[in-house]
Structures are given as structure tokens and as C-alpha cells.
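Please open the model in your viewer and follow the stops below in order.

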Amino acid sequence: MNKKIQLPLQTANLVVGFMVWVLISSLLPFIREDIAIPAEKLAIVTAVPVVLGSILRIPLGYYANIFGARIIFFASFILLLFPVFYISSASTFADLIIGGTFLGIGGAVFSVGVTSLPKYYPKKKHGLVNGIYGMGNMGTAISTFAAPVIATQVGWSMTVKFYLVLLLIFAALNFIFGDKHEVKVKTPILEQIKGVYKNEKLWFFSLFYFITFGSFVAFTIFLPNFLVTYFELEKVDAGMRTAGFIVVATFLRPVGGWLADKFQPLFLLMGVFAGLTFAAIILAFSPSIELYTVGSMLIAVAAGIGNGVIFKLVPFYFNKQAGIANGIVSMMGGLGGFFPPLLLSVIHSMTGSYSIGFMAFSQVALVSLVLVIWLYYMDRLSMSAEVFNSTGQGILVTDVTGTIESVNPAFTKLTGYTEEEVVGSNPNMYSSGRHSKEFYTSMWSQIGQEGLWQGEVWNKRKNGEEYLELLSISAVKDDSGDITRYVGTFSDITPRG
């Protein structure tokens, strides 16, 4: 029973963590009425919690494997009590920066669940499970929508104090219902980092999550103030529109995970980045509020699905180093939310327009689309290489003149010749001499006519021992029908005894 409640418990934990994480940006229009914040420093106030919330994801993902999710969630909620209480009494810009920095713990807990929850489910369900957990993003929507409504009644300071009660409740829930017997993984952190940092897929996934989750976080913290200042909407109206963006992105996350369980995840990512590119171009033309809403919703759809797809891919490729890989990828996603608001703010202060910033975002999304396509084809080539190297049959590939270009490990095992010894040579170097010239003429005549020959051939190993092999030779042709190379596969069928 305890294991069955981990998914709903940890998802609720993430909701609370994210509610706290965006506390300042949700209440910023109210806080500004009491605390003087220069316009050029607004982006810094909203972005500061994102920094620690991103960087801490690596150690929290790692320690979730060491101590289990129960301890890490409990400790995180206790630690969050201090910055939340400090912010409730804030009276200066510096107070907001200090308190906001440590609010980052709320965003960092994301890597705890994506490390812990896959332990309870088979691989074919990891996309859906991590997608459901990722719906904890809705914590940002709840704060963005509810905090301004409450603040209009009791003031922003008292609203912040309500979060102290929420944190205490969830610290208690984790202490009581968290899984005390979660499987622990105690590989040293440096060893885990060494096991993943050279894998190019880790950095591709980090970039992709930087874009998808980064756009989600960036719009979450950017929209409330932007809608009030640019379109002159009421604060509560701006909060509700931002909450709508968050809800769409959040509820599509498990859809993305579920789709990734059913279909090729990299194809889905191609659609995600094509959507982000198109949406950003719409926003770059400074449209009306109606078109701006369409562009924003397209970003919500693409980002939501993309977030779900990526956290299907991470545990699939990094099963043994899930904690550290999840931490690194989710850290990059968090940092992706830090830079766009600052970039948009700087560009706006220099040009008086947000268009250049949105157009730059569209180009980054377009580059990501190209990289996903490239990664897909590299994956296909890698799979072909794995099959080539792991098959038990000997394989040799020659060019059209019969010169050996490549052989597999099974070839070396069966003949005794290494790849270095045979590449550039002709296969007749290990001929036994048992077959007549007419035999080979007939063989190549059939290959020329039919593209395939199969039969028994006596050949000779490096040590001089003769053996009988079942050999197949195929002609490989290009799109115009011209032969580009020949592939020979063989197995040892020498009679024993």
C-alpha cells in the first residue's frame, strides 16, 4: 500500500514545491506597492529563485538515490520554512533577493521524484509516470492564480505566511507516508558523473529541456508583469491568463510521456520544436492580445508535450545513473527559465520592443529541431553499428573492386585476422585454394545477375587451418541501381569429430 501512494504523494509534493518557487513572481504587482523595485531589476527578482532551483537539482537527484525521496522531500520542506518566513517580513529589495534565492529549493525538488518514481514501475510506463509527476508544475498555476486573489483580501505578507502552514503539513505527510524502504543506489557522485558526462545524449537532452521547460518557466514568471504593463490588463486578469498557460502546459506533460511510451520519442520532439519555432515567430510580430494568446498557447502545448517526452528519454538511456542524469537535465531546464526573461528585459530596454527576443527564441527552437533530426539518424547509425558488432556471424564489407573496407568482431574470432590486418586487402588472402577459378566465376556471375549468392566455401584461418563456411554475398545498390559495395556474412559449419 505504501508504494502505491508514492506517485500521488510525490506529485503533490511537487505541486507545493512549485507553489513556493514562484511565490515572489506571483505576488510581485502587490509587493511593488510596498517595496520600491527599479524597473530594470524586476527581471532579476523573478529570476533569482530559478538559479538555486536549477543548480540544486543535481545534488537533490543524487541524494534521492542515496537516502530516498521521503528524507529529501521532508528536509526540503523544513528548509523552505526559513526563506518563506523571511519574505513575509521583507521591506527592501535586498530582502527579496536573499529570500528569493533560497526559495529555489522549491524548484529543485523536481529531480527527486523523477529519480525515485521510475523504481516502482516497468520501463514501458516511465514516460507516463514521469509525465503524471511532472503535472506538479501546476503548483506554479495555483500560486499565480490564487496568491493574487488572496492578497487582495488579506495583503501579500499574510498570503506568504499561509505557505508556512502548507509546508509544515507536507513535511508531516512525507515523514508519515514516505517509503522508508525505497531501493537505494549508493554509487559515489563523481563516479556517476564520469559515467554520464561523455555521453553526448545527456547534453542533447539538456539542451532540449533547456528550451522546453525553460520556455514554460520563462513564460510563467514573465507573463503576469508583461500582460499588466504591455497590454494594461488588470492584475487578477493577467494572473488568470498566466494560470491558463500553465494549466495547458502542465496537463499536456503526461500526454507527452504517454505518447513517448507508444511512439518514437524523437519524432515527437521534432513536432515539439517545429511548434515552438512557429509560435515564437507569431509572438515576434508584436500581435494583438488575441494573436498573442494563440502564440502563447502554442508554446504551452509544445512545451508541455516536450517536457513529458524528454523525461521518457532520460531514464531510458541512463537507467544506472538516473539520479545524476535527471539532476543535470532538469538543472538545465531550470536555467532555461532564468535566461529568457533577462534577455527579453535587456532587449526591451535597448530597443523598446520584445520582437527581437522572440525571434531569437524561434531561431534557437529551429536549431533544436535540426539537432533532433540529426540525433535520430545518429541513433539509427548507432543501432546499425551495434548489430554489426554484436552479431555472431562473421561480416566483411568490400567496395565494388573487392577491397575489404570493414569487418566485425565475429570475423576476427572465426578467421584469426584483425580488422587492421585485412582492411585494404582482397578476401582471396584467406582462400584455401580448394576451389577452381570457374567456381568463383560462376559465383560472381550469379551475384551480378541476381544480387545474391549463397553456398559452402572452404577458406583458411590465419593459423593455416582450413574450415568450411556457409557464405552469403549480397550486392548493395544505391538509388540509381548501381552497385556501391558487397557484404559477405558467414558462419563456421566445419564437420566436427
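**First stop: a helix and its partner**

Select helix H14 (residues 265–284), of whose 20 residues 14 are buried, so that the helix is largely enclosed by the rest of the structure; buried means under 20% relative accessible area with a 1.4 Å probe and protein chains only, and helices (H or I, at least four residues) and strands (E, at least two) are DSSP runs numbered from the N terminus. This is a predicted model, in which local features need pLDDT of at least 70 and side-chain atom pairs count only at pLDDT 80 or more, while totals for chains, interfaces and linings use all residues. Residues are numbered from 1 along each chain as its sequence is written, and side-chain values use heavy atoms, with hydrogens and water left out.

At the start of H14, display glutamine 264, a side-chain oxygen of which comes to within 2.9 Å of the backbone nitrogen of leucine 266.

Add helix H17 (residues 355–390), whose axis comes within 8 Å of that of H14 and crosses it at roughly 165°, the axes being lines fitted to C-alpha atoms over the stretch in contact and the angles running from 0 to 180 degrees between N-to-C directions. The two helices are therefore roughly antiparallel, a term for angles over 145 degrees.

**Second stop: paired strands**

Now select strands S3 (residues 452–460) and S4 (residues 466–477), which run antiparallel and are joined by 9 bridges; strands pair if DSSP finds at least two bridges between them. Glutamate 456 lies opposite leucine 470 in S4, and in the turn of this hairpin glycine 464 has a positive phi of about 95°.

Extend the selection to strand S5 (residues 483–492), which is antiparallel to S4, and find alanine 475 opposite tyrosine 486.

Conventions. Expected span 1.5 Å × (residues − 1). Buried < 20%, exposed > 50% of the residue type's maximum accessible area, 1.4 Å probe, protein only. Polar contact = N/O pair within 3.5 Å; in protein donor to acceptor, adjacent residues only side chain to side chain. Parallel < 35°, antiparallel > 145°, perpendicular 65-115°, else oblique.
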